[in-house]
Amino acid sequence: MKIEDLKEKLFMDNYMDIAIEEYLKFKGTKDYGEEYKKEVLSELNDYLKDKRIAGENVIEIVKYFQRKNPSKGSFVHWSNLDDLYKYAEEKPAEAAELFNYLYDDSVDLKDRVERFVNTAKNYNSSIKLGTPLFGYLLAGFSLEKYPLYRDQAFREFLNSFGINESLTEDVADKYSTYYEVCNILLDYFKEKKLYKKSRYVGCPGFHLLSYQLQGTVCKSKCKVSL
């Protein structure tokens with residue numbers, strides 16, 4: 001689906017406004033419990049800041065991502081990180097180059113993820129590197145720019161707005177589409193002058209908010225009270 005078509009679907013009624021209102025109320029309650037995400041990702045951002053990724057330290061970097069992935073409310077299944085670790089062990093220079101390319105903001109996002117996946121699969125066709133892994137690796141690099149990804153939540157979010165097209169199973173295409181949706185929501189928050197008010201746990205990383213907003217939209221449309 002084209003971006004303009006997505007925008008039309010997302011804002012054809014007032015459900016987005018309902019979701020935002022409900023989310024902001026929920027965010028102030030004791031049941032919110034999402035602060036840990038900002039804390040973990042902030043630590044990863046600090047760890048990677050100004051770090052030169054090379055074959056000599058790429059295994060250490062993957063290990064750090066493994067340690068920081070929460071056991072409860074994890075960002076990605078452990079098996080994806082385990083496969084990434086084994087790949088880095090076998091091909092450290094290659095893995096380091098892929099990390100550097102993934103974090104190069106001057107290159108198209110879809111191309112960055114696609115190159116990582118395809119190169120790793122040339123090494124091992126059965127390697128498990130799903131979309132949540134790239135959400136984690138990218139948000140771990142910059143939580144202000146990149147969103148965490150959860151497949152079921154994104155599908156429910158689209159379905160709740162009548163966007164029933166099947167999501168591609170292509171990891172790069174799926175994450176880049178998700179990223180575009182997050183930016184559509186970001187633009188809407190700025191237009192409504194809600195950007196500062198809606199910061200995720202006081203953080204300007206709006207994409208973390210959009211990740212949580214998905215469930216709120218579904219609950220609002222289904223008349224489920226938060």
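**Exercise 1. Find where A139 sits in this predicted model, and decide whether A139 is buried or exposed.**

Start with the element: A139 belongs to helix α8. Next, look at accessibility. The relative accessibility of A139 is 0%, and buried means under 20%, so A139 counts as buried.

Now ask what surrounds A139. Skip the neighbours within four places in sequence, and A139 touches L41, N45, Y146, P147 and L148. For a long-range check, take K38: the C-alpha atoms of A139 and K38 are 9.8 Å apart in space, with their positions 101 residues apart along the chain.

**Exercise 2. Do the same for L138: which helix holds it, and which residues does it contact beyond its sequence neighbours?**

L138 is in helix α8. With a relative accessible area of 0%, L138 is buried.

Then list the partners. Setting aside neighbours within four places in sequence, L138 is in contact with L102, Y103, L109, R112, V113, Y146 and Y175. One distance to try in your viewer is L138 to L41: C-alpha to C-alpha they are 9.8 Å apart, though 97 residues separate them in sequence.

**Exercise 3. Work out how α8 packs against α10: at what angle do the axes cross, and is the crossing left-handed or right-handed?**

Step one is the geometry. Helix α8 covers residues 131-141 and helix α10 covers residues 171-191; their axes come within 9 Å and cross at roughly 55 degrees. That angle makes α8 oblique to α10. As for handedness, α8 passes α10 in a right-handed crossing.

Step two is the contact itself. From α8 come T131, F134, G135 and L138, and they meet V171, K174 and Y175 in α10. Sort the residues of this contact by class and you get four nonpolar, two polar and one charged.

A side note helps when reading such lists. An α-helix has 3.6 residues a turn, so residues three or four places apart point the same way.

**Exercise 4. Now take α8 against α5: what is the crossing angle, and which residues make the contact?**

Helix α5 spans residues 78-90, and its axis comes within 9 Å of the α8 axis, crossing at roughly 70 degrees. Angles of 65 to 115 degrees count as roughly perpendicular, so α5 is roughly perpendicular to α8.

The contact is built from N80, L81 and L84 on the α5 side, with L133, Y136 and L137 on the α8 side. In terms of class, the contact of α5 with α8 has five nonpolar residues, one polar and no charged ones.

**Exercise 5. Place V62 in its helix and describe its surroundings.**

V62 lies in helix α4. Its relative accessibility is 1%, so V62 counts as buried.

Leave out neighbours within four places in sequence, and the contacts of V62 are L81, L84, Y85, A88 and F99. L81 and L84 should look familiar, since both also belong to the α5 side of the contact with α8. V62 can be tied to α8 by distance, too: V62 and L137 are 9.4 Å apart C-alpha to C-alpha, and 75 residues apart in sequence.

**Exercise 6. Which residues of helix α6 are buried, and what covers them?**

Helix α6 runs over residues 92-102, and its buried residues are A95, A96, L98, F99, Y101 and L102. The cover over these residues includes α4, α5, α7 (109-123) and α8. Two links are already on your list: F99 is a contact of V62, and L102 is a contact of L138.

**Exercise 7. Pick out D50: where is it, and what is its phi?**

D50 is in the loop between α3 (35-48) and α4 (58-68). Its phi is positive, about 60 degrees, although D50 is not a glycine. With 76% relative accessibility, D50 counts as exposed.

**Exercise 8. Zoom out: how many helices and strands does the protein chain have, and what share of its residues is buried?**

Count the elements and you get 11 helices and zero strands. Of the 226 residues in the protein chain, 48% are buried.

Two more totals round this off. Among contacts with a separation of 6 or more, 72% are between residues 24 or more positions apart. The protein chain exposes about 11400 Å², with carbon and sulfur atoms supplying 45% of it.

Key:
Residues numbered from 1 in each chain as written. Predicted model: local features only at pLDDT ≥ 70, side-chain atom pairs only at ≥ 80, totals over all residues. Heavy atoms only, no water. Axes fitted to C-alpha atoms, helices over the stretch in contact; angles between N-to-C directions. Helix = DSSP H or I, 4+ residues; strand = E, 2+ residues; numbered from the N terminus. Parallel < 35°, antiparallel > 145°, perpendicular 65-115°, else oblique. Left-handed = near helix turned anticlockwise from the far one by under 90°. Contact = heavy atoms within 4.5 Å. Nonpolar A, V, L, I, M, F, W, Y, C, P; charged D, E, K, R; others polar. Buried < 20%, exposed > 50% of the residue type's maximum accessible area, 1.4 Å probe, protein only. Areas by Shrake-Rupley, 256 points an atom, 1.4 Å probe, with all protein chains shown as cover.
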